[in-house]
Amino acid sequence: MHYVFDAVWYFQQVDWMGFTSYFGSLAGLVSSYDIATPTKEIQWLGSVFTGVFFCVIVYRLTAILSSMLFAGYGKLSSAEKIEWNNRGFSTVHALFVSFASFYLVMLSDFFNEDSQEELVINRSFTFSNSVLGISIGYFLADLAMILWHFPALGGLEYVLHHGLSMFSIILSLLSGQGQIYILMILFSESTTPFVNLRWHLDIAGLKSSKLYVWNGAALFFGWLIARIFLFIFFFIHMSTHFDEASVFSVKEIFPLGFYSLLVVPPVLTMMNLFWFWKIAKGLVRTLSKAKHSK
């Protein structure tokens with residue numbers, strides 16, 4: 001496990017200038033809005049590496065705290081400890097990005113139609129850029145672990161999910177466009193803590209506990225809201241503002257970003273529906289067992 005993070009650390013130390021130049025060139029290819037400046041490129045890179053560093057730190061803190069607070073942690077196999085710690089930084093990232101996305105889209109005036117003259121679809125801010133960059137760093141670190149330990153931490157569906165997520169976030173970050181839609185999708189990460197808690201309870205031998213049942217119910221309804229209803233709202237909102245000349249005009253997005261917005265969310269939706277079906281079946285089995293145990 002340490003080899004993965006040593007490799008990440010080494011990657012951060014080498015060819016900074018070359019990578020920065022490549023990052024800037026890519027930004028130039030992605031957008032014609034001249035958003036890429038040396039200062040912004042440094043901010044983007046800094047937020048990405050912050051995300052990777054955050055994953056390394058939380059991974060190690062999870063191992064330390066779990067060994068101190070959970071007696072059963074020492075009895076786990078090496079593979080189980082790796083996944084236990086991996087799900088630790090997965091949970092922390094999910095909490096961070098879901099709260100940040102909710103704040104940016106719902107509570108702040110950043111994407112309010114009347115807050116400024118610029119089209120909402122073209123708005124980007126230092127905070128929103130940082131959130132996207134940190135998420136890219138998380139997906140990079142998590143994908144590296146998935147590939148390194150493949151298929152122990154997840155199969156090809158996880159590789160596809162992370163790859164599509166990173167592709168969309170990178171396009172939005174470099175172009176400064178469509179961030180409101182990317183943040184909507186990132187809010188769906190709010191279901192991840194329930195998924196991880198379910199796994200932790202299972203591996204800890206608490207599958208028959210009330211907490212496992214309640215967490216399963218919370219996961220079902222959370223998934224229904226954040227990954228089904230939210231995506232329905234996403235598609236309705238996007239189709240409503242597809243052609244109209246408004247502050248949300250979807251057609252204002254540069255071509256690659258525009259077509260990725262048409263392709264990536266439907267693919268993620270199909271994956272969410274498949275996982276939701278499995279979650280529903282699991283909840284029915286859990287409730288059935290709980291009923292018969294009384």
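Visitor: Before turning to the fold as a whole, I should like to start from a single residue: where is valine 58 found?

Guide: This is a predicted model, and in it valine 58 is found in helix 3. A residue counts as buried when its relative accessible area is under 20%, and valine 58, at 14% relative accessibility, is therefore buried.

Visitor: Which residues does valine 58 touch, once those up to four places away in sequence are not counted?

Guide: Valine 58 then touches Gly88, Phe89 and Val92. A related reading uses C-alpha atoms: those of valine 58 and threonine 91 are separated by 9.9 Å, although the two residues stand 33 residues apart along the chain.

Visitor: How many helices and strands are there in the chain?

Guide: The chain has 10 helices and 0 strands, and its pattern along the sequence reads α-α-α-α-α-α-α-α-α-α. Buried residues make up 50% of the 294 residues. Among contacts with a separation of 6 or more, 75% come from residues 24 or more positions apart.

Visitor: Where does valine 120 lie, and how far is it in space from isoleucine 180?

Guide: Valine 120 lies in the loop between helix 4 and helix 5, and because its relative accessibility is 0%, it counts as buried. Its C-alpha atom is 7.6 Å from that of isoleucine 180, with the two positions 60 residues apart in sequence counted as their separation.

Visitor: How should I read the nonpolar core, and which residues touch the most other members?

Guide: The general idea is that in soluble globular proteins nonpolar side chains tend to be buried together. Here the largest nonpolar core holds 58 residues, of which Tyr181 and Leu186 touch the most other members. Helix 3, helix 4, helix 5, helix 6, helix 7, helix 9 and helix 10 each supply at least two residues of this core. Leaving aside neighbours within four places in sequence, tyrosine 181 is in contact with Ile121, Phe234, His237, Met238, Phe248, Val250 and Leu261.

Visitor: For a pair of helices I would look at the distance and the angle between the axes, so at what angle do helix 5 and helix 7 cross?

Guide: The axes of helix 5 (residues 126-148) and helix 7 (residues 179-186) come within 11 Å and cross at roughly 50 degrees, and the two helices are therefore oblique to each other. Their crossing is left-handed. The contact is made by Ser128, Asn129, Val131, Leu132, Ser135 and Phe139 on the side of helix 5, and by Gln179, Ile182, Leu183 and Leu186 on the side of helix 7. By class, these residues divide into 6 nonpolar, 4 polar and no charged.

Visitor: And how do helix 6 and helix 7 pack, in angle and in the distance between their axes?

Guide: Helix 6 and helix 7 pack at an angle of about 145 degrees, with their axes 9 Å apart, and helix 6 passes helix 7 in a left-handed crossing. Ser168, Ile169, Ser172 and Leu173 in helix 6 meet Gln179, Ile182 and Leu186 in helix 7. This contact has 4 nonpolar, 3 polar and no charged residues.

Visitor: Taking serine 168 from that contact, does it count as buried or exposed?

Guide: Serine 168, whose place is in helix 6, counts as buried because its relative accessibility is 11%. Not counting residues up to four places away in sequence, serine 168 touches Ile182 and Val264.

Notes. Residues are numbered from 1 along each chain as its sequence is written. This is a predicted model: local features need pLDDT of at least 70, side-chain atom pairs count only at pLDDT 80 or more; totals for chains, interfaces and linings use all residues. Side-chain values use heavy atoms; hydrogens and water are left out. Axes are lines fitted to C-alpha atoms, for helices over the stretch in contact, and angles run from 0 to 180 degrees between N-to-C directions. Helices (H or I, at least four residues) and strands (E, at least two) are DSSP runs, numbered from the N terminus. Angles under 35 degrees count as roughly parallel, over 145 as roughly antiparallel, 65 to 115 as roughly perpendicular and the rest as oblique. A crossing is left-handed if the near helix is turned anticlockwise from the far one by less than a right angle, and right-handed if clockwise. Contact means heavy atoms within 4.5 Å. Ala, Val, Leu, Ile, Met, Phe, Trp, Tyr, Cys and Pro count as nonpolar, Asp, Glu, Lys and Arg as charged, and the others, Gly among them, as polar. A nonpolar core is a set of buried Ala, Val, Leu, Ile, Met, Phe, Trp, Tyr and Cys residues joined through side-chain atoms within 4.5 Å. Buried means under 20% relative accessible area, exposed over 50%, partly exposed in between (1.4 Å probe, protein chains only).
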